[in-house]
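Here is a short briefing to read alongside the structure. Have the sequence and the 3D view open, and let's walk through the points topic by topic.

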Amino acid sequence: MSTILQRLLLAIGILEIPLQVDSYLFYQLEDAQFGSVGGLNISLLTFTLAALYVLWMIEVALRPKPSCQSIVWGVPLLFYLSVVALSAIGAEKPPLTLYELMLMVQAYLLFFYVANRMQSRSDVVFVVSMLTVMESLNLSDISSCSSTERRPSGSRFMKLYSHFR
């Protein structure tokens, strides 16, 4: 990850997670009231991931000779995504499963990008710094509620994290 543009896009994508600058296509209020993802989530992260992958493809296409760099696939995550995708077949409301699956795919694409694009110590420090800021934003959101208010449920990726525990 070499350019300032790539770092800026990655920072926007990571910091957007707790801020949830997003919109839902095909939103269904009655499904959302029961804790489901109420529609197809389109967020700043969606656009930054698309831009990061386009920049990565351009970089690979312009490279004079192909590199023999190994790819980190995250096989357990791919297996989990496959099981979730198969569960949509038997779901009572398949679109709701697909909405949740799309969030998981975004999380996987973020993992895949970070796992395969970190090339130097400064890249790792940058990503860890952004993750620390992201978590502090998430914690400040929770601590800003009084004890009598309903606490926010956290970011959408924190909800997905509960699936892995």
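A residue counts as buried when its relative accessible area is under 20%, as exposed when that area is over 50%, and as partly exposed in between. With a relative accessible area of 2%, Arg117 is therefore buried. Please keep in mind that this is a predicted model. The points below cover salt bridges, helix H3, a surface patch, a polar cluster and two backbone angles.

**Salt bridges**

- As background, side chains of opposite charge can pair when their charged atoms come close.
- The structure contains three salt bridges.
- In one of them, the side chains of Arg7 and Asp123 meet at 2.8 Å, N to O. Arg7 sits in helix H1 and Asp123 in helix H6, so this pair links distant parts of the chain, 116 residues apart. Arg7 is partly exposed, at 24% relative accessible area, whereas Asp123 is buried, at 2%.
- Glu59 forms a salt bridge with Arg117, and the closest N and O atoms are 2.9 Å apart. Because Glu59 belongs to helix H3 and Arg117 to helix H5 (residues 94–117), the pair ties together parts that are 58 residues apart in sequence.
- Glu59 also meets Arg63, side chain to side chain, in a salt bridge of 3.7 Å, N to O.
- Glu59, Arg63 and Arg117 are thus joined in a network of salt bridges. Within this network, Glu59 is partly exposed with a relative accessible area of 26%, Arg63 is partly exposed with 28%, and Arg117 is buried with 2%.

**Helix H3**

- Helix H3 covers residues 44–62. Its 19 residues reach 27 Å from the first C-alpha to the last, close to the 27 Å expected at 1.5 Å a residue.
- Which residues of H3 are buried? They are Leu45, Thr48, Leu49, Leu52, Tyr53 and Trp56. Seen down the helix axis, the buried residues of H3 fall within an arc of 135°, so they line one face of the helix.
- Phe47, Met57, Ala61 and Leu62 are exposed on the other side of H3.
- Ser43 caps the N-terminal end of H3, with a side-chain oxygen 3.2 Å from the backbone nitrogen of Leu45.
- Leu44, also in H3, is partly exposed, with a relative accessible area of 35%.

**A nonpolar surface patch**

- Leu44 takes part in a nonpolar patch on the surface, together with Leu5, Leu8, Ile12, Leu19, Val21, Val133 and Leu137. The patch has about 630 Å² of accessible area in total.
- Helix H1 (4–19) and helix H6 (121–143) are the elements that give two or more residues to the patch. H1 gives the most, with four residues.
- H1 and H6 are also the helices that hold Arg7 and Asp123, the salt-bridge pair described above.

**A polar cluster around Asn41**

- Asn41 lies in strand S2 (residues 40–43). Is Asn41 buried or exposed? Asn41 is buried, with a relative accessible area of 4%.
- What does the side chain of Asn41 contact? One polar contact is with the side chain of Asp22, at 2.9 Å. Another polar contact of the Asn41 side chain is with the side chain of Tyr24, at 3.3 Å.

**Positive phi angles**

- For context, most residues other than glycine have a negative phi.
- Gln20 has a phi near 55°, a positive value in a residue other than glycine. Gln20 is in the loop between H1 and strand S1 (22–25), and it is partly exposed, with a relative accessible area of 32%.
- Phe26 has a phi near 60°, again a positive value in a residue other than glycine. Phe26 is in the loop between S1 and helix H2 (29–32), and it is exposed, with a relative accessible area of 57%.

Technical notes. Residues are numbered from 1 along each chain as its sequence is written. This is a predicted model: local features need pLDDT of at least 70, side-chain atom pairs count only at pLDDT 80 or more; totals for chains, interfaces and linings use all residues. Side-chain values use heavy atoms; hydrogens and water are left out. Patches are made of residues with over 30% relative accessible area and no salt bridge: like charges are joined within 9 Å, nonpolar side chains (Val, Leu, Ile, Met, Phe, Trp, Tyr) within 5 Å. Accessible areas come from the Shrake-Rupley method with a 1.4 Å probe; for residues, only the protein chains shown count as cover. A salt bridge is a side-chain nitrogen of Lys or Arg within 4 Å of a carboxyl oxygen of Asp or Glu. Buried means under 20% relative accessible area, exposed over 50%, partly exposed in between (1.4 Å probe, protein chains only). The expected span of a helix is 1.5 Å times one less than its number of residues. The arc is that of the directions from the helix axis to the C-beta atoms. A polar contact is a pair of N or O atoms within 3.5 Å; within protein, one must be able to donate a hydrogen and the other to accept it, and residues adjacent in sequence count only if both atoms are side-chain atoms.
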